[in-house]
Amino acid sequence: MEADSAILAALTGRRRRRRWLINALRLLLLVVLIGGWELGTRLGLIDPFFWGRPSGIWQQLVTWVVHGTAQGPLWVQIAVTLEEALFGFLIGVVLGISFGVLLGRNAFLAELLGPYIKAANSIPRVTLAPLFAIGLGLGSQSKIALAVVLVFFIVFFNAFQGVREVDRNLLANARILGANRWQLFREVILPSALTWIIASLHTSFSFALVGAVVGEFVGSIEGIGLMIQNAGATFNANGVFAAMLILAAVALLSEIVITALERRLLRWRPTALSEVTL
């Protein structure tokens, strides 16, 4: 027992030191990138008119926070884009999981609809933004629709593959023990596919943000996408980068939430070997 405790303590200490090292190197890399960018603009190596400068981006953010944007208060623009992305994300996830599980469990439907799904997936989906703007107007509906389409295929293919990858021996053993179709789905299929589904969520929310922003580019009266469009039209590089920084912060915050959700839903999953030994 004492030997096991010593090994566990050593592994824990090694992981803690590695985490501190990675965080320190990340901070150092950020300082080098931002400092080099600022220094390059000061020395004339980088043209701040076209590429902005970190100090100008910070000043632009302060101006938006204190005085608002041309479209209104900054928090309103963030809330509009976040609302569109969130609704598109939720609807796309529900539809993607539903159709992925349905086709993953029904070979006939999968074979019937397979060519149509592949054809729809081959279309560059951002090109649908003008069509949605025409059909649904310049309100939030067109942005939500585009976000749904972008999210749907990511979640659908992961859910479909997750269902198809369920261990057949495990299913056979559950049937021998008397499990019915609902019990098979709830106790075997869904937990097995959940890892695939959760993995798709890490990238799908970022795509939902892309859908909302691209929709705002095409036609909108408010939102972060419109802020980027106006900043680009007025050659305000600092404004473009400042809006991109806001989007990056929102995406990172969503990643933290999804990671917490993953740890809660997949608590049964054993710790990866790399997380223990590195």
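Start by selecting Thr41, which you'll find in helix 1, the stretch covering residues 2-42. Keep in mind as you click around that this is a predicted model. Is Thr41 buried or exposed? With a relative accessible area of 5%, Thr41 is buried. Now show what surrounds Thr41: leaving out residues up to four places away in sequence, Thr41 touches Ile46, Pro48, Gly52 and Arg53.

**Colour by confidence**

Next, colour the protein chain by pLDDT. The chain has a mean of 84, and 90% of its residues reach 70 or more. Where is confidence highest, and where is it lowest? The top spot goes to helix 3 (residues 54-67), with a mean of 92, while helix 12 (residues 273-277) sits at the bottom with a mean of 40. Select residues 272-278 and you'll be looking at a run where pLDDT stays under 50. For that run, the model has 8 contacts beyond four places in sequence. Where pLDDT is low, the predicted coordinates shouldn't be read in detail.

**Into the nonpolar core**

Now for the inside. The largest nonpolar core has 30 residues, and you can pick out Trp64, Phe89, Leu201, Leu209 and Ile228 as the ones that touch the most other members. Which helices each supply at least two residues of this core? They are helix 3, helix 4 (74-105), helix 7 (140-164), helix 9 (181-218), helix 10 (224-233) and helix 11 (237-265).

Zoom in on Phe89. Ignoring neighbours within four places in sequence, Phe89 is in contact with Val151, Leu201, Ser204, Phe205, Ala208 and Ile258. There's also a second, separate core of 13 residues, and its members include Ala110, Ala145, Leu146 and Phe153.

**Helix 4 and its partners**

Select helix 4 and helix 9 together. Their axes come within 8 Å and cross at roughly 145°, and helix 4 passes helix 9 in a right-handed crossing. Plenty of side chains are worth displaying here: on the helix 4 side, the residues that meet helix 9 include Val80, Leu82, Leu86, Phe89, Val93 and Ile97. On the helix 9 side, look for Phe185, Ile189, Leu201, Phe205 and Leu209, among others that meet helix 4.

Keep helix 4 and swap helix 9 for helix 5 (residues 107-122). The axes of helix 4 and helix 5 come within 6 Å and cross at roughly 125°. That angle makes helix 4 oblique to helix 5. To see the contact itself, show Leu102, Leu103 and Arg105 of helix 4 along with Ala107, Leu109, Ala110, Leu113 and Ile117 of helix 5.

**Helix 9 meets helix 10**

Go back to helix 9 and add helix 10. These two axes come within 7 Å and cross at roughly 50°, so helix 9 and helix 10 are oblique to each other. Helix 9 passes helix 10 in a right-handed crossing. Which residues meet here? From helix 9 come Val213, Glu216 and Phe217, and from helix 10 come Ile224, Gly225, Leu226, Ile228 and Gln229.

Now step into the loop between helix 10 and helix 11, where Phe235 lies. Phe235 isn't a glycine, yet it has a positive phi of about 55°. Phe235 is exposed, with a relative accessible area of 56%.

**Three stops on helix 7**

Finish with a stroll along helix 7. Val149 has its place in this helix, and at 18% relative accessibility it counts as buried, since the cut-off for buried is under 20%. Apart from residues up to four places away in sequence, Val149 touches Arg125, Leu128 and Phe132. Try the distance tool on Val149 and Gly96: they are 53 residues apart in sequence and 9.5 Å apart in space, C-alpha to C-alpha.

Next comes Phe157, also found in helix 7. Phe157 is partly exposed, with a relative accessible area of 31%. Setting aside neighbours within four places in sequence, Phe157 is in contact with Ile117 and Asn121. Draw a line from Phe157 to Leu11 and you'll span 37 Å, C-alpha to C-alpha, with the two positions 146 residues apart in sequence numbering.

The last stop is Gln161, which lies in helix 7 and is partly exposed at a relative accessible area of 29%. How far apart in space are Gln161 and Gln141? They are 30 Å apart, C-alpha to C-alpha, and 20 residues apart in sequence.

Terms used:
Residues are numbered from 1 along each chain as its sequence is written. This is a predicted model: local features need pLDDT of at least 70, side-chain atom pairs count only at pLDDT 80 or more; totals for chains, interfaces and linings use all residues. Side-chain values use heavy atoms; hydrogens and water are left out. pLDDT is the predictor's confidence in each residue, from 0 to 100. Helices (H or I, at least four residues) and strands (E, at least two) are DSSP runs, numbered from the N terminus. Contact means heavy atoms within 4.5 Å. A nonpolar core is a set of buried Ala, Val, Leu, Ile, Met, Phe, Trp, Tyr and Cys residues joined through side-chain atoms within 4.5 Å. Buried means under 20% relative accessible area, exposed over 50%, partly exposed in between (1.4 Å probe, protein chains only). Axes are lines fitted to C-alpha atoms, for helices over the stretch in contact, and angles run from 0 to 180 degrees between N-to-C directions. Angles under 35 degrees count as roughly parallel, over 145 as roughly antiparallel, 65 to 115 as roughly perpendicular and the rest as oblique. A crossing is left-handed if the near helix is turned anticlockwise from the far one by less than a right angle, and right-handed if clockwise.
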